[in-house]
Amino acid sequence: ALERKIADHENAIATAKEAIATLTEEIKGLASGIKNLDKSVAEATEQRKAEHAEYQELLASDTAAKQVLEFAKNRLNKFYNPKLYKSAPKRELSAEGRIEASMSGTEPPTAAPGGI
C-alpha cells in the first residue's frame with residue numbers, strides 16, 4: 001500500500017514536471033509572439049507618423065497654392081474685371097511706424113500679400 005502511494009506520487013510528480021515543461025514552452029512561444037507584435041506595432045506607428053508628416057506637408061503646400069491662385073486671380077481681376085478686384089487694406093501705422101516714415105520719407109515695408 002505504501003509502495004503504491006509512493007508510485008502514485010512519483011507519477012503525479014512526473015506528470016507535473018511534464019506540465020511545467022509544456023507550459024514553459026508555451027510561455028516562451030507567447031513571449032516571442034508578444035515581441036513580434038510589439039515590433040509590428042512600432043513599425044506601424046512609424047509608418048503612420050511618416051504618413052501624417054507627409055499629409056501635413058501636402059496640406060501646407062495646397063494651402064499655399066490656393067493663396068497664390070487667389071492672389072493671381074485678384075491681379076487678373078484688377079485688369080480684366082475691376083469690379084471684382086479687392087484692393088489691399090490700408091495700413092494704420094503705429095506710433096513707431098509714423099516716426100520711421102517721417103524720418104526716412106518712406107513707409108515701412110509691407111508683408112507680401114496673399115501668402116507669397
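**Reasoning behind the labels**

Reader: Why is L58 called partly exposed?

Author: In this predicted model, L58 has a relative accessible area of 46%; buried would require under 20% and exposed over 50%, so L58 falls in between and is called partly exposed. Its place is in helix α1, which covers residues 2-80.

Reader: What makes L58 eligible for a nonpolar surface patch, and which residues make that patch?

Author: Patch members need over 30% relative accessible area, and L58, at 46%, meets that condition. The patch is made by Y55, L58 and L59, and its area is about 290 Å².

Reader: Why does N77, which is also placed in helix α1, count as buried?

Author: The relative accessibility of N77 is 15%, and since buried means under 20%, the label follows. Once neighbours within four places in sequence are left aside, N77 is in contact with P82, L84 and Y85. Across the chain of 116 residues, 4% count as buried.

Reader: And S40, in helix α1: why is S40 called partly exposed?

Author: S40 has a relative accessible area of 34%, which is neither under 20% nor over 50%, so the label is partly exposed.

Reader: How do you know that the side chain of S40 makes a polar contact with the backbone oxygen of L37?

Author: A polar atom of the S40 side chain lies 2.8 Å from that oxygen of L37, and the cut-off for such a pair is 3.5 Å, so the distance qualifies.

Reader: What makes F79 and Y80 an aromatic pair, and how are their planes arranged?

Author: A search of the whole structure finds 1 aromatic pair. In the pair formed by F79 and Y80, the centres are 4.8 Å apart, and this satisfies the limit of 6.5 Å; the planes stand at 90°, and because an angle over 60 degrees counts as edge-to-face, the pair takes that name. Both F79 and Y80 are exposed.

Reader: How many helices and strands does the chain have?

Author: The secondary structure comes to 2 helices and 0 strands.

How values were computed: Residues are numbered from 1 along each chain as its sequence is written. This is a predicted model: local features need pLDDT of at least 70, side-chain atom pairs count only at pLDDT 80 or more; totals for chains, interfaces and linings use all residues. Side-chain values use heavy atoms; hydrogens and water are left out. Helices (H or I, at least four residues) and strands (E, at least two) are DSSP runs, numbered from the N terminus. Buried means under 20% relative accessible area, exposed over 50%, partly exposed in between (1.4 Å probe, protein chains only). Patches are made of residues with over 30% relative accessible area and no salt bridge: like charges are joined within 9 Å, nonpolar side chains (Val, Leu, Ile, Met, Phe, Trp, Tyr) within 5 Å. Accessible areas come from the Shrake-Rupley method with a 1.4 Å probe; for residues, only the protein chains shown count as cover. A salt bridge is a side-chain nitrogen of Lys or Arg within 4 Å of a carboxyl oxygen of Asp or Glu. Rings of Phe, Tyr and Trp (its six-membered ring) pair if their centres lie within 6.5 Å; planes under 30 degrees apart count as stacked, over 60 as edge-to-face and the rest as tilted. Contact means heavy atoms within 4.5 Å. A polar contact is a pair of N or O atoms within 3.5 Å; within protein, one must be able to donate a hydrogen and the other to accept it, and residues adjacent in sequence count only if both atoms are side-chain atoms.
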